[in-house]
Structure formats: structure tokens, C-alpha cells
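Student: Got a minute to walk through this one with me? I'd like to start with a helix and work outwards.

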Amino acid sequence: MFRPRIIPVLLLQNNALVKSIKFKNHQYIGDPLNAVKIFNDLKADELVFLDIDASREKRCISPDFVKKLAEETNMPFSVGGGITNCNQIQQLIAAGAEKVILGEIASKNPDFIEEAVGNFGSSTIAVCMDVKNNFFGKQKMYYQNGQKSLDISPIDFAHLMEQKGAGEIILQSIEQDGTMEGYNLELVQLISQSVSVPVVALGGAGDISDLNEVYYKGGASAMGAGSLFIYQSKMRGVLINYPTKEEIKSNFTK
Amino acid sequence: MRELIGIIDYGMGNLNSVKRKINILGAEAIITNDISILKKTTKLVLPGVGNFKKAMDNLNSLGIIPILNQRANIDKIPILGICLGMQLMCNFSEEGNVDGLSWINGRVVRFKKEKGNNEKIPHMGWNTLEIEGESPLMKDITEENEMYFVHSYHVELQDEKIAINKTNYAYPFVSGFQKENLFGLQYHPEKSHDAGGIIFKNFLKL
């Protein structure tokens with residue numbers, strides 16, 4: 001029986017693990033390699049690593065560092081941050097990543113998705129969409145860690161990415177990020193209903209019932225979360241955690 | 001003879017995770033596209049993620065198809081195709097409309113959109129297996145075990161009797177086959193925690 005993936009999303013800054021609230025106030029969490037070891041023991045489904053400074057600093061997430069992660073990681077993982085060409089993708093996959101996540105380049109040059117998919121297959125190419133309301137209450141797409149906005153609407157962008165062959169869309173709500181107050185259900189519904197590729201919901205998960213809700217009501221194919229798997233509770237004491245097999249089974253059997 | 005597992009390097013996908021899994025089990029593995037090494041290996045793994053046509057192009061330009069054919073069909077050493085590797089063992093793929101290695105009579109087709117099925121493509125995530133027949137590769141694997149899948153295309157066998165696994169996503173499809181020394185798995189045992197480890201252990205014992 002198919003079961004949706006539950007994906008810890010780990011943010012990297014100078015190769016250290018950090019966690020943000022609404023893309024700001026980054027708190028140092030620890031060594032990502034230690035976190036990986038714990039997620040191995042907890043049998044996490046999949047991991048995502050995002051180098052959140054790479055794009056702004058006009059560099060790509062380090063393949064050497066990805067190789068170190070791969071040596072420790074027992075499950076599939078994807079990486080993102082500043083990727084702009086196929087050569088980098090080749091290096092990251094060779095280093096051991098299963099998939100790459102394209103952000104800014106997807107916004108600026110959607111045709112690149114097509115090129116990447118032609119070279120690596122659509123199941124290797126994921127696109128991350130960062131969404132928040134602008135001053136006029138209209139949902140807009142952002143890039144470079146939420147600093148710069150795009151003119152295209154989230155729904156049109158999702159369609160465009162599907163058309164270019166992206167294999168997965170990671171849909172992140174900037175306003176929910178780190179709040180642990182639940183996903184932006186409407187946004188997830190809107191996008192997952194309108195594309196035929198898997199949508200990973202991200203931003204806002206505070207407990208397992210949020211994961212359940214965004215899967216059954218939101219139509220997400222997979223549930224990503226940072227704070228939920230990094231903090232012990234909403235008090236935000238660091239404790240790497242993950243639902244048990246039993247919790248997953250009782251929440252996600254159709 | 002000392003076991004040496006060759007992991008075929010044709011520039012597609014993540015080969016280190018396969019090597020690591022084999023090394024953890026105490027066997028020696030080498031990532032290679034060197035014909036003289038491919039001749040010496042006792043078993044081969046054909047991994048791979050990506051585009052079928054590009055994969056065939058790469059295998060062709062490396063000039064290793066003749067040696068692979070020899071190892072598969074004449075020497076008959078155990079060969080494990082994983083994901084795209086499984087698909088490449090077949091006659092033909094809709095992905096690029098190109099011929100494969102043709103070791104297995106079968107076609108690779110895109111997941112069909114049928115009435116009433118609105119499953120997302122790619123099939124990406126954890127799913128279980130129905131186990132058919134008695135393949136040594138499936139020893140100690142149960143229908144409770146979850147495996148990691150990520151693919152948009154799947155194999156349709158001419159002779160369904162060689163299927164060792166089926167998986168249900170939108171509809172039941174062949175997720176594993178065995179024809180004598182040739183094994184193909186649509187899922188990634190190298191990414192499937194302990195259950196995947198059991199499959200490699202079984203492969204090493206062949």
C-alpha cells in the first residue's frame with residue numbers, strides 16, 4: 001500500500017543546521033551529520049537539505065559537503081541551494097543526492113527545468129516554491145530566502161513547472177515557516193488540485209495532526225517539516241524526533 | 001573465487017549509496033566502466049536514475065554494451081538492475097522511444113492515466129510488494145516491508161511468470177522480475193532501510 005512521505009527539511013548555513021521563523025531569526029541547531037545519524041535510527045522516509053545562503057551568495061550547495069551527508073544518510077535525500085546548471089546537478093547526484101531542488105533558477109529561467117529534466121529525468125528534478133502574501137494581501141512567489149518577489153501567481157508558476165517536466169513541487173508558505181501553527185491548507189489545496197505531479201507541503205507543521213490534515217484535506221503527496229522534527233515541543237528545545245511506525249500507520253492508512 | 005561486485009558507472013544517478021550498502025555487508029564493490037574490470041567481476045549491479053534514452057546513449061558511447069551482454073547472457077553472472085537499470089534490461093522504452101539491452105522481453109511504459117485514477121506521477125514514496133514465486137532475492141522479505149519508489153515509467157513483461165514483485169499504484173504493476181541470473185527491481189533497495197539491506201544480503205548470497 002502506498003503511504004505518503006514524511007520529510008524532515010533541514011536548513012544549512014555555513015554547513016551548520018539552523019531553523020528559522022518566517023524565514024528570519026535563524027537559530028543554531030547543531031551539526032547536520034549528527035542529525036542525519038539520529039534520523040537514520042528513527043528511520044525517516046526521506047530528508048531535504050537546503051543551503052539557504054547559497055543563492056544570495058551566488059554559489060551552489062557544496063558537492064563535497066553533500067558527499068559527507070551521503071556517507072551518513074541511509075534514506076533518500078534531496079539537496080538545494082544556488083543550483084544554476086546541469087554540471088552542478090551532475091556533481092550533486094554523483095555525490096549521493098537522490099534529487100535536486102531548484103529555486104531561483106526555476107523562477108528566472110523556467111526553460112532550465114526542461115533542460116535538467118532532459119538530462120536527469122523528471123523524478124530527479126524538484127522545484128521549490130516560496131509563497132507569501134504581499135502588502136496588498138495577494139499571494140506572490142518569492143526567491144532568495146524570501147527577499148525578492150516574482151510577478152507570476154503561484155498557481156501559474158506551478159502549472160509552468162509541471163509543463164516543463166518538474167517531478168515534484170515543494171510548496172513552502174513563508175508566513176507559516178517555523179510557527180508550528182499548521183500548514184497553509186488553502187494554498188496546498190489550490191496547488192495540489194491543479195497539478196498532476198506530487199506536491200510536498202512545507203511550513204507550519206506543529207504536530208502529527210497537522211501532517212494528517214494537509215494530506216487528507218490539503219491533498220499533499222508528502223509532508224515536509226523543520227521545527228516539528230527538530231524541536232521537542234513548541235517551547236523549541238532542540239530534540240531531533242520523528243513519528244514512530246505505529247504513529248505513521250495509524251495516521252496514514254487509507 | 002573472491003567476490004567482487006561491479007557497480008556499473010554510466011553517469012546516471014547515485015552509485016555510492018549502492019556501494020555503501022554492499023560494503024556494510026562486508027563485500028567488496030567497485031564503481032566502474034572499465035571493460036577489463038567488468039570482465040573480472042563476479043556479480044554486477046546496474047543502478048540508475050534518470051532518462052532512459054540518455055542512459056542508453058551513455059552505455060553506447062562507453063562501448064560497454066558488448067561486455068555487459070556477454071556477462072549477462074553467456075557468463076550468466078548474477079546482475080541486479082535497479083530502477084532505471086531494471087528498465088534498461090528490457091526491449092524498449094516509451095521514454096525516448098528507444099531500444100534497451102533486450103535481456104528481458106518487456107516494454108517500459110509511462111504510468112497510464114485511467115478513468116477514476118488521479119494518482120500523482122511520478123510514483124514517489126514508500127510502497128509495499130506482493131511477492132510472487134520463490135525468488136532467492138526475496139528470502140525473508142514480507143508483504144509488510146516498505147520499499148522506496150521514484151519513477152514515472154514501469155515495466156510491462158511479455159511473460160508475467162518472471163515477475164517476482166508487484167506493487168499497486170493506480171493499478172498493479174511489475175516491481176520486480178527474475179529471469180535466471182537477471183534480476184530487476186523498480187524500487188531502490190539501497191534507499192530502503194533494513195528491508196533493502198536484506199535484499200542486498202540475498203543478492204550477495206547468490
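Tutor: Sure. Keep in mind that this is a predicted model. In H5(A), the buried residues are A:Ile113, A:Ala116 and A:Phe120.

Student: How do the buried residues of H5(A) fall when seen down its axis?

Tutor: They fall within an arc of 65°, so they line one face of the helix.

Student: Is there a general reason for that kind of spacing, or what should I remember?

Tutor: An α-helix has 3.6 residues a turn, so residues three or four places apart point the same way.

Student: What covers the buried residues of H5(A)?

Tutor: The cover includes three helices of chain A: H3, H4 (104-108) and H6 (154-164). It also includes strands E6 (99-102) and E7 (125-133) of chain A.

Student: Let's take H3. At what angle do H3(A) and H5(A) pack?

Tutor: About 40°, with the axes 10 Å apart. Here H3 covers residues 86-95 and H5 covers residues 111-120, both in chain A. That angle makes H3(A) oblique to H5(A).

Student: Which hand is the crossing of H3(A) and H5(A), left or right?

Tutor: H3(A) passes H5(A) in a right-handed crossing.

Student: And which residues meet there?

Tutor: From H3(A), A:Cys86, A:Ile89 and A:Ile93. From H5(A), A:Glu115, A:Ala116, A:Asn119 and A:Phe120. By class, the residues of this contact are five nonpolar, one polar and one charged. A:Ala116 and A:Phe120 are also among the buried residues of H5(A).

Student: What about the other neighbour, H2(A)? How does it cross H3(A)?

Tutor: H2 (residues 63-72) of chain A and H3(A) cross at roughly 25°, and their axes come within 8 Å. That makes H2(A) roughly parallel to H3(A). The crossing is right-handed.

Student: Which residues of H2(A) and H3(A) meet?

Tutor: A:Pro63, A:Val66, A:Lys67 and A:Ala70 in H2(A) meet A:Gln91, A:Leu92 and A:Ala95 in H3(A). This contact has five nonpolar residues, one polar and one charged.

Student: Now the two chains. How many residues does each give to the contact?

Tutor: Chain A gives 29 residues and chain B gives 23. On the chain A side, H5(A) gives the most, with three residues.

Student: So H5(A) comes up again. How does the side of chain A that touches chain B divide by class?

Tutor: Twelve nonpolar, eleven polar and six charged residues.

Student: Back to the backbone. What follows H5(A)?

Tutor: A:Gly121, with a positive phi near 85°.

Student: Fine, that's a glycine. Which residue of chain A has a positive phi although it is not a glycine?

Tutor: A:Lys22, with phi about 50°. A:Lys22 is in the loop between strands E2 (16-21) and E3 (24-30) of chain A. With 15 other C-beta atoms within 10 Å, A:Lys22 is partly exposed.

Student: And over in chain B, where is B:Ala170?

Tutor: In the loop between strands E12 (163-169) and E13 (171-179) of chain B. B:Ala170 has a positive phi near 70°. B:Ala170 is partly exposed, with 18 other C-beta atoms within 10 Å.

Student: Why flag those angles?

Tutor: Most residues other than glycine have a negative phi, and most peptide bonds are trans.

Student: On peptide bonds, then: is the one from B:Ile121 to B:Pro122 cis or trans?

Tutor: Cis, with omega near 0°. B:Pro122 sits in the loop between strands E7 (104-110) and E8 (123-128) of chain B.

Terms used: Residues are numbered from 1 along each chain as its sequence is written. Chains are lettered from A and ligands numbered from 1 in the order in which they are written. This is a predicted model: local features need pLDDT of at least 70, side-chain atom pairs count only at pLDDT 80 or more; totals for chains, interfaces and linings use all residues. Axes are lines fitted to C-alpha atoms, for helices over the stretch in contact, and angles run from 0 to 180 degrees between N-to-C directions. Helices (H or I, at least four residues) and strands (E, at least two) are DSSP runs, numbered from the N terminus. Angles under 35 degrees count as roughly parallel, over 145 as roughly antiparallel, 65 to 115 as roughly perpendicular and the rest as oblique. A crossing is left-handed if the near helix is turned anticlockwise from the far one by less than a right angle, and right-handed if clockwise. Two residues are in contact if their C-beta atoms, placed from the backbone, lie within 7 Å. Ala, Val, Leu, Ile, Met, Phe, Trp, Tyr, Cys and Pro count as nonpolar, Asp, Glu, Lys and Arg as charged, and the others, Gly among them, as polar. A residue is buried if 20 or more other C-beta atoms lie within 10 Å of its own, exposed if 12 or fewer, and partly exposed in between; C-beta atoms are placed from the backbone. The arc is that of the directions from the helix axis to the C-beta atoms.
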